[in-house]
Amino acid sequence: MRAVALHRDVIVVTSQLFQAHCTIVRNDAESFAIDSPVLPEELELLASLVEQAGFPAPQGLLVTHADFDHVLAPLAFPEATIGCAQSTAARLRAEPGAAQRALRNFDEQLQIERAPLSLGTVQPLAVPGRCAIGADELQLHEATGHTVDGMAVWIGWARVLVAGDYLSSIEVPTIGEGEGEGEGMIDAYLATLERLAPSVADAEHVVPGHGPVLDRARALAVLDEDRTYLIALGERGEDAELPPGRRSKAQRELHAQNVARVG
Ligand SMILES: [Zn+2]
């Protein structure tokens, strides 16, 4: 697990699995964690890492969307409250225990042992909207297309965008399954990219769900590549060209999955 300060008020902790990130943001005496590392040892170390950095223990655990690898922070901070988009709260309500089941399957595959996950209290947040932290606030942007739920978080005073599972330089855009599957999800994904574009253009750092933290120029380039790919996916399906640097076998499999979902 790696920890890097992006700003005096923002630390990003990167898991050894999935290059997943947990972003810790503070303002005055308040701090939040956004998303989570994945491995049990990393979650065990997280509280002391935050303390050593001189940050207060997070009172809020923001999650960008309900996929299991993003909702593990209660294992590190069981006292804190989860805050998420209303769409994510609705998904958690509609699929009770889904995150826990996905985590159990995942742990069984990798023979990982850990305590059961309890999400505790979940506070739905209005998205688009603002979320107060200390003397300042976070801006919440709707982010759907990868899944039917979700939000991205803009930390204005630090110029950091926490994008959820968007703007990854190592993974092709993957469109979600479920309601609105297919072309509708491509449109939702493209709309999310347009919504995030002004923040990306204003950002010092963009934290994707998975993969390296990006500077503004690189993030703008990824946004452009993703848009081009998704438009081609809608128009040409299987024949759509994958973004440069994201053409490995694993990425081509994700592309095939997208093609199947578009139908
Ligand atoms: Zn993810």
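Trainee: What makes S11 and strand S12 (residues 205-207) a pair, and how many bridges join them?

Mentor: This is a predicted model, to start with. Two strands pair if there are at least two bridges between them. S11 and S12 are joined by 3 bridges and run parallel, so they count as a pair. One contact point to look at is valine 162, whose bridge partner in S12 is valine 207.

Trainee: And what makes S10 a partner of S9 and S11, and in which sense do they run?

Mentor: Same cut-off of at least two bridges. Strand S9 (residues 136-142) and S10 have 4 bridges and pair in the antiparallel sense, with histidine 141 bridged to alanine 152 in S10. S10 and S11 are joined by 3 bridges, again antiparallel. There, tryptophan 154 has leucine 161 in S11 as its bridge partner. S10 and S11 also form a hairpin with 4 residues between them, and arginine 159 in that turn has a positive phi of about 55°.

Trainee: Which strands are the edge strands of the sheet that holds S10, and what is the strand order?

Mentor: The order is S8-S9-S10-S11-S12-S13, an open sheet of 6 strands with mixed pairing. S8 and strand S13 (214-215) are the edge strands, since each pairs on one side only. H4 lies across S9, S10, S11 and S12 and runs at about 145° to S9.

Trainee: Why is S10 called largely enclosed?

Mentor: Buried means under 20% relative accessible area. In strand S10 (residues 151-155), 5 of the 5 residues are buried, so the rest of the structure largely encloses this strand. Met151, Val153 and Ile155 point one way, Ala152 and Trp154 the other, and all are buried. That fits the rule that side chains in a regular strand alternate between the two faces of the sheet.

Trainee: Now the other sheet. Why is one side of S1 and of S7 left without a neighbour?

Mentor: This open sheet has 7 strands in the order S1-S2-S3-S4-S5-S6-S7, with mixed pairing. Strand S1 (2-7) and strand S7 (122-125) stand at the edges with a single partner strand each, so one side of each has no neighbour in the sheet. Ignoring direction, neighbouring strands are turned by 25° against each other on average. For S7, the pairing with S6 is parallel over 4 bridges, and isoleucine 82 stands opposite valine 122 in S7. H2 lies across S5, S6 and S7, at about 110° to S6.

Trainee: Why is the site of the zinc ion called irregular?

Mentor: List the donors before anything else: Asp69 (OD), His70 (NE2), Asp165 (OD) and His210 (NE2), at 2.0 to 2.7 Å from the zinc ion. The angles among the 4 donor atoms are 85 to 164°. Four tetrahedral donors need all angles between 85 and 135 degrees. The upper end, 164°, falls outside that window, so the site is not tetrahedral and is classed as irregular.

Trainee: What makes histidine 70 and aspartate 165 a tie between parts of the chain?

Mentor: Histidine 70 sits in the loop between strand S5 (60-63) and strand S6 (81-85), while aspartate 165 is in the loop between strand S11 (160-162) and helix H4 (183-202), so this pair ties together parts 95 residues apart in sequence. Both histidine 70 and aspartate 165 are buried. Along the chain, the donors follow the spacing D-H-x94-D-x44-H.

Trainee: How do you know whether phenylalanine 18 and aspartate 35 are buried or partly exposed?

Mentor: Set the values against the cut-offs: buried is under 20%, exposed is over 50%, and partly exposed is in between. Phenylalanine 18 has a relative accessible area of 38%, so it is partly exposed. Aspartate 35 has 4%, so it is buried. Neither is a glycine, yet phi is positive in both: about 65° for phenylalanine 18 and near 60° for aspartate 35. Phenylalanine 18 is in the loop between S2 and S3, and aspartate 35 in the loop between strand S4 (30-34) and H1.

Trainee: What makes the peptide bond from valine 127 to proline 128 cis or trans?

Mentor: Omega is near 0°, and the bond is cis. Proline 128 lies in the loop between S7 and strand S8 (129-133).

Trainee: Last one: which residues have the most contacts inside the largest nonpolar core?

Mentor: Ile24, Leu61 and Phe77, in a core of 33 residues. H1 gives the most to this core, with 4 residues. Phenylalanine 77 touches Leu46, Ala47, Val50, Pro58 and Leu61, leaving aside residues up to four places away in sequence.

How values were computed
Residues are numbered from 1 along each chain as its sequence is written. This is a predicted model: local features need pLDDT of at least 70, side-chain atom pairs count only at pLDDT 80 or more; totals for chains, interfaces and linings use all residues. Side-chain values use heavy atoms; hydrogens and water are left out. Donors are N, O and S atoms within 2.8 Å of the metal (3.2 Å for Na, K and Ca); water is not among the atoms, so sites may look incomplete. Four donors count as tetrahedral if all angles lie between 85 and 135 degrees; four count as square planar and six as octahedral if opposite donors are over 155 degrees apart and all others between 65 and 115; anything else is irregular. Helices (H or I, at least four residues) and strands (E, at least two) are DSSP runs, numbered from the N terminus. Buried means under 20% relative accessible area, exposed over 50%, partly exposed in between (1.4 Å probe, protein chains only). A nonpolar core is a set of buried Ala, Val, Leu, Ile, Met, Phe, Trp, Tyr and Cys residues joined through side-chain atoms within 4.5 Å. Contact means heavy atoms within 4.5 Å. Axes are lines fitted to C-alpha atoms, for helices over the stretch in contact, and angles run from 0 to 180 degrees between N-to-C directions.
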